[in-house]
Structures are given as structure tokens and as C-alpha cells.
Amino acid sequence: MKDPYEVLGVARTASPEDVQKAYRRLAKKLHPDLNPGNKESEERFKEVSGANDLLSDPDKRRRFDNGEIDASGTERQQQRYYKDYAAEAAAGHPYENRSGYADFVDTDDIFAELLRRQEQQARRAPGPDLHYRLSIEFLDAVNGAAKRLTLPDGGTLDVTIPPGIQEGQILRLRGKGGPSRGEGNAGDAFVELSIAPHRFFSRHGDDIHIELPVTLTEAALGGRIKVPTPTGPVLLTVPKGSNTGSTLRLKGKGVPRRGGHGDEFVKLKVMLPTEPNPELEAFLSNWTPGADYDPRRDMQP
Amino acid sequence: MIITKLEFLDRAQIDRDTLEVWIQEEWLVPSGPTTEPVFSEADLARASLIRDLIHDLGVNAEGVGPILSLLDQLHGLRRVLAEVLQSLRQTTILPAAGASSGQNQDHE
């Protein structure tokens, strides 16, 4: 790292005003936005602004003079200048002005021809792409839906959500972006979707998972019970002697995917009656499940 | 990608009135309706250029407009030049069937 006094070209005794003057003199010459395309002046400007950051701060300057800090680390973070955006933006940048060569185009040599072609291309350049975010309901993501987005400028955008869409997926709406500044097509709108969680459904890939409370009777004796699925309730046969954690599969009741549907997995959860039940208590006190039945057998140390 | 007015004021370190003036002078052209302008990263970089011009380079308010206008023309020309050079290279390397191909063969 070079000596900041040397970089700015000032004496070690220079007053703050001298430092500022020297910095401004160099900045006028070297500012990257006034020298687009000139790498060397950008590098020098980095040094100069770093030196200025150090010497224009009385505290930092004092510590540097006392040798407490050195000049390293004073280089500014990589800053993006306006010129970088002006250079990378697609044709049709809002600030760009091409009137500066209009007078070249009126002749008919090969350069004029090239310029005319470029001009035409610029006119036909599509408008800018616009990006939006849309939060949708869980079931809309599974089943698909039509949504209307209200745009910041008060307009609206109709978005058709295809069934089976996933978190973070981006929809592209061709021609729904910004208008072209010339005669080109409008840009595209990109809508990033986020999916709100559901009260009882959850989703793993194309499968739907649900935890289904069942009564003791339904679990022990089996039966047909109504289970919610994303497309509406269906009847599920619970086999006799089912337990908490038993998982049943409803084939094809999951998320639509190419060539079919995922499945819905129903995990049973046996629930005792919420109120104390004297009959059940009376029955259980006279009932034993068998001498060698121990649900915690696997947990013995 | 999109920067709201409040975020813009904060990141550009300018106050509301200053921003109003800059927009009025068309130094900055945000998109969106005037009641709720939205800004891009390019707008932000342009704002910091304007700030540098005024604070570091000693340009007064009258001078900023002409400088920006010249810079915009410079960027327009730089892009056109880049495009022209590119199609010139393409034409020279791959002589297209058509009016210009005869000329290219003369050079080779």
C-alpha cells in the first residue's frame, strides 16, 4: 500500500483544506464515471479515495501519523459505479442517449449502413423484464388457480398458476413486462411464487402428508372414515388394530405431476376421549393386554 | 431488484427534498407512478455519481445537468461503437452472402 500523502501529493504537514483540495483535484481527473472504460484511472481513483478516507478523518490521520495504523485496508470496498450499470444494461437503457451519432447515418457508406442497422435493432429491442413476488395459498399451489396481481403502478396482471407448482418457482409471462422504448416487443414479467403453509397438509415433493386424529374405537375396531385431501374429502378404510403412527396411503391423491399424481400419506393419531370417561375407565381397570405386552420393551437399558 | 423510495433515500444518503429536485430536473428517472416511484440499482449508482459531482468534484447545481447529458450521450456512443465493432468483426470474419461480400473478398 502506498503512502497516502504520496498518493494525494501533499506534504505531511498539509492542512485539512489542502488535503481536500488535492483530493478534489485528483477526483475531477480520475472519477471512474468520468472515465468509463479506463481501468487505470479507476485503479488510481481507488487509491486516491482510500488515501482521502484516511487523511480527511482527523482521528485516523493522527493514528496513521503515530504509526498506530498503516495505510492498508484503507482501499475502498469494490464499489459499482454508474458506468458499470450503463455498460451492462440491455439496449434501451432509460438514460442512454444515442442522438450523438445521428449525423453519421445520413451518408451511404458501409459504416452508415452498420449504424442504421444498429439503430433499427435498438428500436426493435424488447422492453425491460419486470420481476414480481406473489404469495399463494397451499391448495392453490397444489390444484392450480388464477390470480390477479395488483402492480405498483395500479395496473393488474393476471397470473395462471399451474397445478403442482413448487415453492420459489418462477413463472414467466411473455410480453407482460415493460413496453419497448421503440417498436420492439414488451419485455417479460417474472413472478416468483411463495407458498403459504397449510393448517394440516404438508408437502414433500409430490406427496401430501397429513396427521389424522382417530378415536380409540376407530383404531381398535377399524372403520371407514372421511379424510381431507387437496381435492376434497375421500373415504379411507382404517384396518382393525391400527395404531398411532400407522401410515396409510391414498394413491394418486397427492400433487399433480407429469403423468399422474403423487400420493397422500395419512398418519394416524389415536385420541382418547377429551372428557374422562367412567365406562372406559371401568373397562380398562378390569382389562389386561397380556402378560408379555410391554410397549417400552425396546427402551430397556 | 426494485428499490422503494424510503430505501432509496436511505441507501443514497439524501433527503426527501433533494430527491424531489433531482427527479424534477430529470437527473433521475424512476419508474412507477409519481406518487410511488420505484428505483433500480442503476438509479442508485447514478445518485451516488450526482452526489460525487456536487460534493467531491465541486460541480454546482447548474453544471450537473449538462454533465449527465454528456455522459448519457457518451454511454450511448460507447454502446453503438461496441455494437458496430461487433458486427464489423462478424462481417469481416464471416463474409455474408450479399452486397458486402464482394468488398470483403477484396481485402483478403
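Which residues of α1(B) meet which residues of α3(B)? I began my entries with this contact, noting that the model is a predicted one.

**Entry 1: α1 and α3 of chain B**

I located helix α1 at residues 5-12 of chain B and helix α3 at residues 41-55 of chain B. On the α1(B) side I listed F8(B), R11(B) and A12(B), and on the α3(B) side L44(B), A47(B) and S48(B). By class, I recorded 4 nonpolar, 1 polar and 1 charged residues in this contact. The two axes come within 10 Å and cross at roughly 40°. An angle of roughly 40° is neither under 35 degrees nor within 65 to 115, and α1(B) and α3(B) are therefore oblique to each other. I noted the crossing of α1(B) and α3(B) as right-handed.

**Entry 2: chain B as a whole**

I then looked up the make-up of chain B, which has 5 helices and 0 strands. Read from the N terminus, its elements follow the order α-α-α-α-α. Of the 108 residues in chain B, 17% are buried. Among contacts in chain B with a separation of 6 or more, I found that 43% join residues 24 or more positions apart.

**Entry 3: where chain A touches chain B**

I next turned to the contact of the two chains, to which chain A gives 30 residues and chain B gives 30 residues. On the side of chain A, I noted that α2 (16-30), α5 (82-88) and α6 (110-124) each supply at least two residues. Which element of chain A gives the largest share of this side? I found it to be α6(A), with 5 residues. The side of chain A that touches chain B divides into 14 nonpolar, 8 polar and 8 charged residues.

**Entry 4: α2 and α3 of chain A**

Since α2(A) appears in the previous entry, I looked up its packing against helix α3 (residues 39-55) of chain A. Their axes lie 10 Å apart and the helices pack at an angle of about 160°. The angle is over 145 degrees, and α2(A) and α3(A) are therefore roughly antiparallel to each other. The crossing of α2(A) and α3(A) is left-handed. From α2(A), I listed V19(A), Y23(A), L26(A), A27(A) and L30(A). These meet S41(A), R44(A), F45(A), V48(A), N52(A) and L55(A) in α3(A). I recorded 8 nonpolar, 2 polar and 1 charged residues for this contact.

**Entry 5: a sheet in chain A**

I traced an open sheet of 3 strands in chain A, in the order β1-β5-β4 and with mixed pairing. Why is one side of β1(A) and of β4(A) left without a neighbour in the sheet? Both β1 (130-136) and β4 (170-173) stand at the edges, each with a single partner strand, so one side of each has no neighbour there. On average, and with direction ignored, neighbouring strands of this sheet are turned by 25° against each other. I followed the pairing of β4(A) with β5 (residues 189-195) of chain A, which is antiparallel and has 4 bridges. Within this pairing, I noted E192(A) in β5(A) as the bridge partner of I170(A).

**Entry 6: a hairpin in chain A**

I ended with β8 (residues 223-227) and β9 (residues 234-238) of chain A, which pair in the antiparallel sense over 5 bridges. R224(A) has T237(A) in β9(A) as its bridge partner. I noted that β8(A) and β9(A) form a hairpin with 6 residues between them. In the turn, G232(A) has a positive phi of about 120°.

Note on methods. Residues are numbered from 1 along each chain as its sequence is written. Chains are lettered from A and ligands numbered from 1 in the order in which they are written. This is a predicted model: local features need pLDDT of at least 70, side-chain atom pairs count only at pLDDT 80 or more; totals for chains, interfaces and linings use all residues. Two residues are in contact if their C-beta atoms, placed from the backbone, lie within 7 Å. Ala, Val, Leu, Ile, Met, Phe, Trp, Tyr, Cys and Pro count as nonpolar, Asp, Glu, Lys and Arg as charged, and the others, Gly among them, as polar. Two strands pair if DSSP finds at least two bridges between them. Axes are lines fitted to C-alpha atoms, for helices over the stretch in contact, and angles run from 0 to 180 degrees between N-to-C directions. A crossing is left-handed if the near helix is turned anticlockwise from the far one by less than a right angle, and right-handed if clockwise. A residue is buried if 20 or more other C-beta atoms lie within 10 Å of its own, exposed if 12 or fewer, and partly exposed in between; C-beta atoms are placed from the backbone.
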